[in-house]
Each structure stands twice: as C-alpha cells, then as structure tokens.
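Student: I have a two-part request: could we walk through this model together, and could you start with the pairing of strands before we move on to helices?

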Amino acid sequence: MAPATSTLFAGIPLDHLPGLAGGVAALLLVRLRRKSLRATTLDALGWLLVFTGGVHIGLTFGHASDQRLLSLLFLANGVAYMALFLLPRDHWWWRPATGLLLFGTILAYVIYGATGREEPDPVGVVDKMDELVALGLVMLPHGLSPREARRRRVRWVIGSGASLVLTFLTGASIWAEDLAGSGHSHGVATCAPNHHASAVTVLRPVPCTVTPAQQAAANRLVAETRAAIAPYADVRVAVAAGYRPATPDGDGVVHYTLLRAAPSRPLDPHHPAALVYVLTRHGPVLLGAMYQMAIQGQTGPDVGGALTPWHYHTNICISVPGLFLSGMSTPFGQCPPASLRITTSDQLHVWTAPNPNGPFGDLDQAWARRLERA
Amino acid sequence: MLQSGACCLVALGVFVLALAGRSAELGILAAVSGALALVPVVVAVALAAGRGWARGLGIIYELLLLVSGVADVLVLRNADLVATVVNVILPGALLWLLLRRAPTMSAWSSAASPGGSTRS
C-alpha cells in the first residue's frame, strides 16, 4: 500500500537512490577531509559542486546495468564537477567552464525528460535546484575593480535575470513532463485499460485479469449508480442534499462534493462523495459520481479488478479560505498563497454519461469539452 | 532569483487554472502569487543598492516561507525530499544569510583566490 503522506524518500526510484547516497557521501567525505583540501575553496558554491558531483557519480551505479551510455555520461559529468571543485579558481577559464558545464547539464536533463527518456523524480529535481543555485553563484560578478562598477552592474542584472528565467523554464518543463508522464503508475496502467497515472494521480495496483464475476460486479455498480444519482441530474437537488462545487464558479468539469461526513459505506450509490457535472450553456449536466474512502491511505474495495482501479492524488492544493481547489503543487512542492497541499484518500469515478473511455476510465477531456460547448 | 522563478511557476499554475475555469477568485489568487514572486527580486535589487529595509523585508519573506514550509513538512506530513529542500532548507539558509552576514554574496561564491583558501 502506498503511503498516505509523503516521506523523505517517497517517489524516488530505486535506481536513483545511489545518486542521493552519492551526493550525501560526497559532502561527508569532503567535510572529513577538509584539512587535506587546502587548495580548494570550500564556500557554498564548492559544497553545491560536491553534492551534484556525488549525485552524478552515484547515478552511474544506478543505471550501470540497463543504460550503459547514460551511466558513462553521469560518470563523466560527476568527475568533471569534482575536478572543478578541486581545482583552484584563479584560472580565467574556471567560471566560464563551470557555468557551461552546469548549464549544459541542466539543458541535457530537460531535453532528456522532454523526449521521454527520463521521468522527473525527487533526486533529479533537487539536483537541478542545486545546479541552478550553483549556476547563479557562478554568474555573479567577481574580481572587478571599483572603476568597473558599471560593468559589474550589467553582469549583476544579466546573471540575476538568467537565474530567474532558467529556474522558471526548468521548473515549467519538469512540470510539463510530470503531468504528461506516468511516473507513478508502477506498471498498473498497462493492466487497467483507459486509465493513465501521472505525477499527481497514483493508481492502486490491480490484478491484470478480469473474471466474469468482476465484470458482473462492475456492471452492477454502474447500474446502481445510474439509478441512485438520477435525481441529481437537477443540480438544485444535489445542492439541497449538501453537495457543493469544489472549484470556484466558472465552467468546465466540476466536482460537487458532499460537505457532511462521509458515509460509512464508501460505495453507497445514494450518497457518493462527489457528483461530477460539466457546465454547459444550458446549465450543469451530470456526468457521473465519485466514490471516496473515508480514511486517507486506506485502499478501496476491489469491485471489478482491472476494470475499477482506485486512485489518489498527491499534489492537490486546497485554498484555506473557501475550501476550493486552488491548483496543483509545482515540481518544487509549492502551492499558491493561503493553500494547503494535501494527499486525497482513494477515489473511484463511475461515469453514467457515455464517456468514450468507458464507465470507469479516465474522463475523455475532448468529449467533455464538446459537451460543454453543445 | 531562484525563489522568484519558483514562485512565478506557482503563479503560472493558478493563472492557467483560473483561465480554464474562468474563475475570478483564482484570477485574484494568481495576481497575489505573481506579486509575491516579485518580492525576492525587490529584496535582491534593494540589497544590491544598499537599502537597509531590504534586509528586513527579506527576513520577513523568508520567515513566512520557512514557517509554511515547516508546517507543510511536519503538520501536513508532506515531508518529501523536494519539499524539505525547497521549502525548509532553502528559506532556512537564506534566513541565516540575511541574519548573520552582510548583504554580499562573496562568502557564498568567492572571487578567484590565487593562493587558495579553505573556508566553511
């Protein structure tokens, strides 16, 4: 069972753990051997280079068996960082070389992710943060005389602007990869047709086969749900029953959640945790229901095997005033102001409208948009 | 600058959601997020210009980030690696820098040192 809340190592793939261990080990090693490193500058930039160097060397071991070329690239990168850390900084080329290596590594990571060869993970994101800070420090103007104050100011502006833009672009690309990828599927998506996991949607594992009994149970759940929520086709009935929109007014697909305490039976078709509507020009149209476990971390009951996988969301931001969905947390784990980052309990959607992905599949967004405009 | 870039990303996320949902509340939240993303830039520019108040503003900003980061990690138990580093360690380090050191980055990324030095 996946953890209900995040721990320090949550979401780190096994082959990336040596990277994290390498980074920490490199920091400890330098700390212990600092007396013999007299020719080395041990400032924040130095420590950042040591960490990322250690991470890259550690990743060599994580990828050695399956991705030889990538493994060699990690090794070369890590050794280069360590060499730059150990070299004295009085050479004119030290800062340009370090800056180029840092920039090239960040760019390579973004390109690697954009082409689907690498999925964003916590070790990668933390390492990129480390490299972005290091790059910012490398770009700082140094060694200029007071007479060159103007040049110094220009370098400050360029360096600062570049740091800001690079951080934004790197974060945006990681986020895009994160949302488009299937980082947390754990192979489930291949067993559960029409379900796609993402960094914010974790699918619970299901058996890969569907027995006749499971098929019958799934059909029964759809039929019972359709009959039970039929009165809620009129949204006023839903509001009178205690359902409220979970996002601010607007249009699109909206979950109306039940504000009072969750029912003791999570699959009670008469009182599902939420009703899903698409807001059309003629008013809200009922698409289906969402069942939800009362307790976070508790796996939902198996109904139809691979047909009905439960899922939960990890990066949901809820605004404290108003209690509505205010966004999804960024790859850097940040939510909008006055919002809390929460992990939902297990959820299962049952679409009573003819969703092209089936009664339990992901909601077909294009189909929902067509309905919205109809 | 790094914090500003990260906060701009938050503002972008809310802005996209506000556009998709055509929501006034989310639009306001996006504007507030964008304004907060500018605070580190203002602090950095003012520090570089030698303005005394910039340190106070920076301390308040980092303190707010640190308190919300610690609450996120310890109270809400979102103690994953990225959140811990970005929302606790980074504001903590910057707060320490603002409280203890003069507003200069030289000790963080020192100039070329012909004879070499060992600093911690």
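Tutor: Let us begin inside strand 9 of chain A, where Arg341(A) is the bridge partner of Cys317(A). Please keep in mind throughout that this is a predicted model.

Student: How many bridges join strand 7 of chain A to strand 9 of chain A, and in which sense do they run, parallel or antiparallel?

Tutor: Strand 7, which covers residues 316–319 of chain A, is joined to strand 9 of chain A by 4 bridges, and the two run antiparallel. Besides the pair already named, Ile318(A) stands opposite Leu340(A) in strand 9 of chain A.

Student: And what stands opposite Ile318(A) in strand 8 of chain A?

Tutor: That is Leu325(A), so to speak the counterpart in strand 8 of Leu340(A), which Ile318(A) faces in strand 9 of chain A. Strand 7 of chain A and strand 8 of chain A are joined by 3 bridges and run antiparallel.

Student: What is the order of the strands in that sheet?

Tutor: It is an open sheet of 3 strands in chain A, ordered 8-7-9 and paired antiparallel. Strand 8 (325–328) and strand 9 (339–342) of chain A are at the edges and have a single partner strand each, so one side of each has no neighbour in the sheet. From one strand to the next, the twist averages 30°.

Student: Which residue has a positive phi in the hairpin of strand 7 and strand 8 of chain A?

Tutor: Gly322(A) does, with a phi near 95°, in a hairpin that has 5 residues between the strands. A positive value also turns up at Ala338(A), a residue other than glycine, whose phi is near 60°. As general background, most residues other than glycine have a negative phi.

Student: Where is Ala338(A), then, and is that residue buried or exposed?

Tutor: Ala338(A) sits in the loop between strand 8 and strand 9 of chain A. Because Ala338(A) has 15 C-beta neighbours inside 10 Å, that residue counts as partly exposed.

Student: Switching to strand 10 of chain A, how many of its residues are buried?

Tutor: In strand 10 (residues 347–351) of chain A, 4 of the 5 residues are buried, so the strand is largely enclosed by the rest of the structure. Strand 10 of chain A pairs with strand 5 (residues 283–292) of chain A in the antiparallel sense, over 5 bridges, and Gln347(A) in strand 10 of chain A stands opposite Gln292(A).

Student: What does chain A come to in total, in helices and strands?

Tutor: The secondary structure of chain A comes to 9 helices and 10 strands, and 44% of its 374 residues count as buried. Of the contacts in chain A with a separation of 6 or more, 63% are accounted for by residues 24 or more positions apart.

Student: On to helices: at what angle do helix 1 and helix 2 of chain A cross?

Tutor: The axes of helix 1 (residues 17–32) and helix 2 (residues 44–63) of chain A cross at roughly 140° and come within 6 Å. The two helices of chain A are therefore oblique to each other, and helix 1 of chain A passes helix 2 of chain A in a right-handed crossing. Residues making the contact include Gly19(A), Gly22(A), Gly23(A) and Ala26(A) of helix 1 of chain A, and Trp47(A), Gly54(A), Gly58(A) and Phe61(A) of helix 2 of chain A. The residues of this contact between helix 1 and helix 2 of chain A divide into 15 nonpolar, 7 polar and no charged.

Student: And what about chain B, how many helices and strands does it have?

Tutor: Chain B has 4 helices and 0 strands, with its elements running α-α-α-α from the N terminus on. Buried residues are 42% of its 120 residues.

Student: How do helix 2 and helix 3 of chain B cross?

Tutor: The axes of helix 2 (residues 24–48) and helix 3 (residues 52–75) of chain B come within 9 Å and cross at roughly 150°. These two helices of chain B are therefore roughly antiparallel to each other, and helix 2 of chain B passes helix 3 of chain B in a left-handed crossing. Among the residues making the contact are Val39(B), Pro40(B) and Val43(B) of helix 2 of chain B, and Leu57(B), Gly58(B) and Tyr61(B) of helix 3 of chain B.

Notes. Residues numbered from 1 in each chain as written. Chains lettered and ligands numbered in written order. Predicted model: local features only at pLDDT ≥ 70, side-chain atom pairs only at ≥ 80, totals over all residues. Axes fitted to C-alpha atoms, helices over the stretch in contact; angles between N-to-C directions. Parallel < 35°, antiparallel > 145°, perpendicular 65-115°, else oblique. Left-handed = near helix turned anticlockwise from the far one by under 90°. Contact = placed C-beta atoms within 7 Å. Pairing = 2+ DSSP bridges. Nonpolar A, V, L, I, M, F, W, Y, C, P; charged D, E, K, R; others polar. Buried ≥ 20, exposed ≤ 12 C-beta atoms within 10 Å, placed from the backbone.
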